[in-house]
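Open the model in your viewer and show the side chains as sticks. The tour goes through charged pairs, then aromatic rings.

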Amino acid sequence: MKQILKILIFIVPICIFAFFYTYLSKDNSYPGADYRVFEIPSFELTDLYKETELSNKDLTGNFLINVWASWCITCRVEHGFLEKLSNSGVRIIGLNYKDDRSDAIDWLKKYRDPYELVIHDFNGSLALDMGVTGAPETFLISNGKVIAHYRGEVNQMIWEDVFIKTIKDSEIIL
């Protein structure tokens, strides 16, 4: 019995050390990043401004979908960076999430609109189907498929390390 106890006293700390070493040395620098590939879910929602119907068939090519809301503080923080991307030619589709239409329009008038178009998802149905847990979240879309998803604020570092890396690896042009 004493022999087993001595062995356990020696082995348990080694196992704990090995576990933490392995866990901490993994390259999971962005826990908000998800690289699972899936089709954009089918949807029928309205354009924020025109209130005309939009569907997944209206979304073609390569672009970002940015989930945002006027009530979202972090959305305001990332908004300037989205403007910078839009001004550099990156196509961005806005997905207005669980927001009153007039509040969203007023917010975009106040802070400027970086979106090519804005889908109004008042009930959050499309966002839920895409796996959104809150705002902001951003999806990289290539020909109808999500190829990268980031939960949280997109800034220069996230753009380079998550999205640009995926764009280069996938050899797509935004």
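Is R151 buried, partly exposed or exposed, judged by relative accessibility? With a relative accessibility of 31%, R151 is partly exposed. Keep in mind throughout that this is a predicted model.

**Stop 1: R151 and E137**

Select E137 along with R151. The two form a salt bridge, and their closest N and O atoms are 3.9 Å apart; this falls inside the cut-off of 4 Å. R151 belongs to strand β9 (residues 145-151) and E137 to strand β8 (residues 137-142), so the salt bridge ties together parts 14 residues apart in sequence. The partner E137 is buried, because its relative accessible area is 1% and the limit for buried is under 20%.

**Stop 2: E51 and R101**

Next select E51 and R101. Their side chains meet in a salt bridge with an N to O distance of 3.8 Å. This pair links distant parts of the chain, 50 residues apart: E51 sits in the loop between β3 (44-47) and β4 (53-55), while R101 is in helix α3 (residues 101-111). Which of the opposite words, buried or exposed, applies to E51? E51 is exposed, at a relative accessible area of 51%. R101, by contrast, has a relative accessible area of 19% and is buried. Both values lie by the cut-offs used here, since buried means under 20% and exposed over 50%.

**Stop 3: D169 and K165**

Move to helix α5 (residues 156-170), where D169 and K165 are four residues apart, or about one helical turn. A salt bridge joins their side chains, at 3.1 Å from N to O. D169 is exposed, with 54% relative accessibility, and K165 is partly exposed, with 47%.

The three salt bridges visited are among a count of seven.

**Stop 4: aromatic rings**

Now select the aromatic side chains. How many aromatic pairs does the structure hold? There are five aromatic pairs. In one of them, the ring centres of W71 and Y97 are 6.3 Å apart and the planes are at 50°, so the pair counts as tilted. W71 lies in the loop between β5 (62-68) and α2 (73-87), and Y97 in strand β6 (residues 92-97); the pair links distant parts of the chain, 26 residues apart. W71 is partly exposed, at a relative accessible area of 45%, whereas Y97 is buried, at 9% relative accessibility.

Finish by selecting W68, W107, Y111 and Y115, which ring pairs link into a cluster.

Methods. Residues are numbered from 1 along each chain as its sequence is written. This is a predicted model: local features need pLDDT of at least 70, side-chain atom pairs count only at pLDDT 80 or more; totals for chains, interfaces and linings use all residues. Side-chain values use heavy atoms; hydrogens and water are left out. Helices (H or I, at least four residues) and strands (E, at least two) are DSSP runs, numbered from the N terminus. Buried means under 20% relative accessible area, exposed over 50%, partly exposed in between (1.4 Å probe, protein chains only). Rings of Phe, Tyr and Trp (its six-membered ring) pair if their centres lie within 6.5 Å; planes under 30 degrees apart count as stacked, over 60 as edge-to-face and the rest as tilted.
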